Each structure stands twice: as structure tokens, then as C-alpha cells.
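Here's a quick briefing to keep beside the viewer. Load up the chain and let's walk through how it packs.

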Amino acid sequence: MIFVGGLPFSTNNSSWSSSSSQGSDILVALLEHPVLVSASHSFKSMEETKVSVSSETPSPSKYVYVFQREYATVDPALVDYVGTDEATTCVGLVIRNRRNRMTSIAHMDNPEIVDIGLCQMLSLVVDHDLDAELDVYLIGGFDDASPNHANGTTISECYSDMDGYSLPLCRKLVDTLQRRQEKFHVQTLHVLGHNTKRDSQGNAYPIFHGFLVETCTGSLSPASFDGTSRCPDEIVRRIRVTSSYQDTSWNGKLLETYDTQTDRFVIAPCHWTVRKFYIVMSLQQLSDEEILRRCSTSPSAEGPDFVENLRRYGHIKNNP
């Protein structure tokens with residue numbers, strides 16, 4: 001169940017005809033809620049944190065980074081910061097237990113992983129206590145709809161017949177949170193229109209692609225990570241994301257990356273096929289523009305290293 005400003009949230013709509021329409025009504029009402037609008041404005045005004053790890057002057061703080069489709073649950077006694085970035089149409093989700101401060105984050109990329117993914121995240125955060133008070137933050141996604149669906153004068157009109165990838169994911173997330181028994185106190189909903197900027201031609205881009213959570217306090221800030229901080233095992237984990245779509249053992253699940261109990265990165269295996277190998281090799285023959293068109297849900301909104309990272313998959317050829 002969702003709470004906003006300490007109160008149970010309700011749209012007072014008894015005429016919902018489907019889960020999809022119910023999710024849309026909940027999402028629109030949350031996006032228009034004064035408390036969450038104010039929180040989104042505050043988040044938008046923050047300066048983005050640039051996260052980098054220097055080998056010469058190592059930071060005394062411990063970080064856990066999650067890639068797309070991954071999740072991690074951390075104990076603040078062991079981990080200082082947890083974060084993710086590179087989100088365009090994806091949504092970063094944070095769930096933090098107010099009592100024990102256990103914090104779980106996920107980089108959600110598809111509505112189909114929300115149901116099981118939430119169960120994975122909550123397994124250690126809630127610890128069988130359905131009365132636990134959980135703070136929730138959703139950051140990412142943007143108005144990636146075609147221009148003819150982005151001209152409504154209100155949020156309701158904008159999202160009434162919208163296409164794109166971000167909206168279905170956001171809709172599924174809030175609908176699932178509302179349906180579950182746990183108490184989810186939504187603190188930030190910086191998604192869709194709240195996380196969108198436009199250039200002079202009207203093209204839409206995300207304002208922020210990632211965030212950083214301080215586990216001790218629960219404070220959240222916009223963040224971007226460089227190659228030194230997206231670790232460990234960056235290439236293997238990136239390849240695992242693409243492979244997981246064809247590995248039935250990961251259907252509907254978030255990818256396991258970090259073992260909370262032992263405080264270790266444990267990169268759960270994923271099946272790698274010969275077909276996937278040849279797909280990766282074929283990418284090396286394509287232009288940057290073609291790679292963007294084939295591999296991204298939002299080609300114009302990707303970061304500058306998107307193509308470079310995909311080309312790096314070719315390193316697997318020398319490391320079978």
C-alpha cells in the first residue's frame with residue numbers, strides 16, 4: 001500500500017476497468033500530488049554528484065553499484081553508498097526500511113520483472129515484518145513518447161494515450177506497490193515529465209540518468225558514475241544483462257549481484273549462447289548510428305559512452 005505525506009494514498013476511483021487503467025490513474029494522481037511535486041522540484045535542484053574511484057587515493061567509503069536489471073540489498077553497517085546510472089527509459093527503485101535502515105535498490109528495465117523483482121528486493125529489507133515502514137524513491141524514465149502524444153495541457157491528457165517505454169514501467173511499478181500489503185512511503189517520484197527536458201527542436205531527454213543513496217541517512221542525490229566506479233566485473237555484468245533475456249532461469253527476475261550476508265559481490269551466472277556471441281561480434285561491424293538504432297530504446301537520449309560500452313563486449317572474443 002502506498003502512503004504519501006504519512007497518509008494512505010487513494011485516487012477515490014471506483015470505476016477502474018483493468019489493471020492497466022488502475023495503474024494509470026494511480027500514476028497520474030501521484031505525479032500531480034503536491035507533496036511529490038515539491039519533492040521532485042527539490043531533487044531537480046540538486047547538483048549531480050560525479051562518482052569516481054581513484055586507485056591512487058582510494059576512498060574510505062564503500063560503494064555498491066548496480067547495472068541495468070540488477071539489484072542489491074545492503075546493510076548500512078557494511079556499505080556507505082549504493083547507486084546506479086545509465087537509465088533512460090529504465091527506472092531506479094530504492095526501498096529503505098526506516099527501522100533497520102536496510103536498503104535495496106534496483107535498475108528496473110521492463111514491467112515483466114516488477115512482480116518478482118519486488119519480492120527479491122523485499123526479502124531482506126522487510127524480513128517478514130509486514131508492519132515495517134518503508135521509504136520508497138523512484139527516479140528515471142522520461143517522456144519518450146512520440147511528439148504527437150506529448151502535447152497535452154495536463155498530466156492526465158499527456159498520459160491518456162501515450163506510447164513509449166517509460167510509461168508502462170512506471171505504471172506497473174506504482175500499481176504493484178499499491179496492491180502489496182507492505183507500507184510504502186513514497187518520498188520521491190522523479191519520473192516521466194518530472195525527469196524530462198527538451199531541446200530547441202522539442203526532442204525529449206532525461207534530466208538525470210542515475211542517483212546515489214547514502215545508506216546511513218537515506219539521503220538521495222542525482223549522480224553519474226565513471227568507468228572506475230561501475231565495478232567490479234563491468235564487462236561480464238554488461239554482457240550478462242543482454243544474455244539474461246534468452247536465459248529462462250532469469251525470466252521475470254532481477255539479476256543477483258551482491259550477497260548481503262557475506263558483504264561480497266557474487267555475480268550470479270547466466271547462460272551464454274553461441275548465437276549471442278555472433279550477435280556481439282556482428283555489432284563490431286556496424287556504425288555508431290546503427291548500433292544506437294538497433295540496441296537502444298531511446299537512441300537520442302543515450303549517454304556518450306553507450307556505443308563504446310557495447311563495442312567493448314567484443315572483448316569476450318579474447319576471454320572465452
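How many helices and strands does the secondary structure of the protein chain come to? The count is 9 helices and 17 strands, and bear in mind that this is a predicted model. Of the chain's 320 residues, 48% count as buried. Looking at contacts with a separation of 6 or more, 71% are between residues 24 or more positions apart.

**The nonpolar cores**

- The largest nonpolar core has 37 residues, and the ones touching the most other members are Leu30, Leu93, Ile95, Met108, Leu138 and Leu189.
- Two or more residues apiece come from strands E1 (2–4), E7 (91–97), E8 (103–108), E9 (133–140) and E10 (183–191), along with helices H1 (19–32), H3 (114–125) and H5 (166–179).
- H5 gives the most to this core, chipping in 6 residues.
- Want to see what surrounds Leu138? Beyond its neighbours within four places in sequence, Leu138 is in contact with Val91, Gly92, Leu93, Leu173, Leu177, Val186, Thr188, Leu189, His190 and Val191.
- There's also a second, separate core of 16 residues, with Val64, Ala72, Phe211 and Val213 among them.

**How H3 meets H5**

- Two packed helices are described by the angle between their axes and the distance between the axes.
- For H3 and H5, that angle is about 55° and the axes are 10 Å apart.
- Angles from 65 to 115 degrees would count as roughly perpendicular and those under 35 as roughly parallel; H3 and H5 are therefore oblique to each other.
- The crossing of H3 past H5 is right-handed.
- On the H3 side, the contact is made by Val114, Asp115 and Leu118; H5 answers with Leu169, Lys172, Leu173, Thr176 and Leu177.
- Two of those H5 residues, Leu173 and Leu177, also turn up in the contact list of Leu138.

**The two sides of H7**

- Which residues of helix H7 (residues 274–283) are buried? They are Lys276, Val280, Met281 and Leu283.
- Viewed down the H7 axis, these buried residues fall within an arc of 155°, so they line one face of the helix.
- The general rule behind such faces is that an α-helix has 3.6 residues a turn, so residues three or four places apart point the same way.
- Turned away from the buried side of H7 is a face carrying the exposed residues Val274, Arg275 and Tyr278.
- As for partners, the buried residues of H7 pack against three helices: H6 (234–244), H8 (288–295) and H9 (306–311).

Methods
Residues are numbered from 1 along each chain as its sequence is written. This is a predicted model: local features need pLDDT of at least 70, side-chain atom pairs count only at pLDDT 80 or more; totals for chains, interfaces and linings use all residues. Side-chain values use heavy atoms; hydrogens and water are left out. Buried means under 20% relative accessible area, exposed over 50%, partly exposed in between (1.4 Å probe, protein chains only). Helices (H or I, at least four residues) and strands (E, at least two) are DSSP runs, numbered from the N terminus. The arc is that of the directions from the helix axis to the C-beta atoms. Contact means heavy atoms within 4.5 Å. A nonpolar core is a set of buried Ala, Val, Leu, Ile, Met, Phe, Trp, Tyr and Cys residues joined through side-chain atoms within 4.5 Å. Axes are lines fitted to C-alpha atoms, for helices over the stretch in contact, and angles run from 0 to 180 degrees between N-to-C directions. Angles under 35 degrees count as roughly parallel, over 145 as roughly antiparallel, 65 to 115 as roughly perpendicular and the rest as oblique. A crossing is left-handed if the near helix is turned anticlockwise from the far one by less than a right angle, and right-handed if clockwise.
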